[in-house]
Amino acid sequence: MMPVKDQMIRVMKEYDLGVNDRIICYGDDNIIGACRGFWMLKVFNFSNVSILNGTFGLYKSQKYPIEMGAPTWAENRRNRTDEDFKIKHVQPLVACMHEV
């Protein structure tokens, strides 16, 4: 199920995510949730979204760099404007999916 536009904007503001921020979607056991998250963010006009190739466990086992500790995003909030949270209206995109 897709969140409605107002819900998505509220969550974006809560986590300080703008539509142009770099976001990487990943999962612990599989990538199904990551793929769904990627798709939802793309529907809502996020332009810089990727999916981690494989799971987070695989990423760690390959010794790629990871950050540890508590997230610092709340301490480093930027001064956002309404433009940072401008998202497309979802209904036309969802309607197109039923045509396929």
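**Close-up views of a predicted model**

**View 1. Asp16, a buried loop residue.** With a relative accessible area of 5%, Asp16 is buried, since this value falls under the 20% limit for that class. In this predicted model, Asp16 is found in the loop that runs between α1 (5-14) and β1 (23-25). The phi angle of Asp16 is near 55°, which is a positive value in a residue other than glycine.

**View 2. Asn45, a partly exposed loop residue with positive phi.** The loop between α2 (32-43) and β2 (49-51) contains Asn45. Although Asn45 is not a glycine, its phi is positive, at about 80°. The relative accessibility of Asn45 is 30%, so the residue counts as partly exposed.

**View 3. The aromatic cluster of Tyr26, Phe56, Tyr59 and Tyr64.** Three aromatic pairs are found when the whole structure is searched. In the pair formed by Tyr59 and Tyr64, the ring centres lie 4.9 Å apart and the planes meet at 20°, so this pair is stacked; the angle is under the 30 degrees required for that class. Tyr26, Phe56, Tyr59 and Tyr64 together form one aromatic cluster.

**View 4. Solvent accessibility of the stacked tyrosines Tyr59 and Tyr64.** Tyr59 has a relative accessibility of 23% and therefore counts as partly exposed. Tyr64, at 47% relative accessibility, likewise counts as partly exposed. Both values lie between the 20% limit for buried residues and the 50% limit for exposed ones.

Conventions. Residues are numbered from 1 along each chain as its sequence is written. This is a predicted model: local features need pLDDT of at least 70, side-chain atom pairs count only at pLDDT 80 or more; totals for chains, interfaces and linings use all residues. Side-chain values use heavy atoms; hydrogens and water are left out. Rings of Phe, Tyr and Trp (its six-membered ring) pair if their centres lie within 6.5 Å; planes under 30 degrees apart count as stacked, over 60 as edge-to-face and the rest as tilted. Buried means under 20% relative accessible area, exposed over 50%, partly exposed in between (1.4 Å probe, protein chains only). Helices (H or I, at least four residues) and strands (E, at least two) are DSSP runs, numbered from the N terminus.
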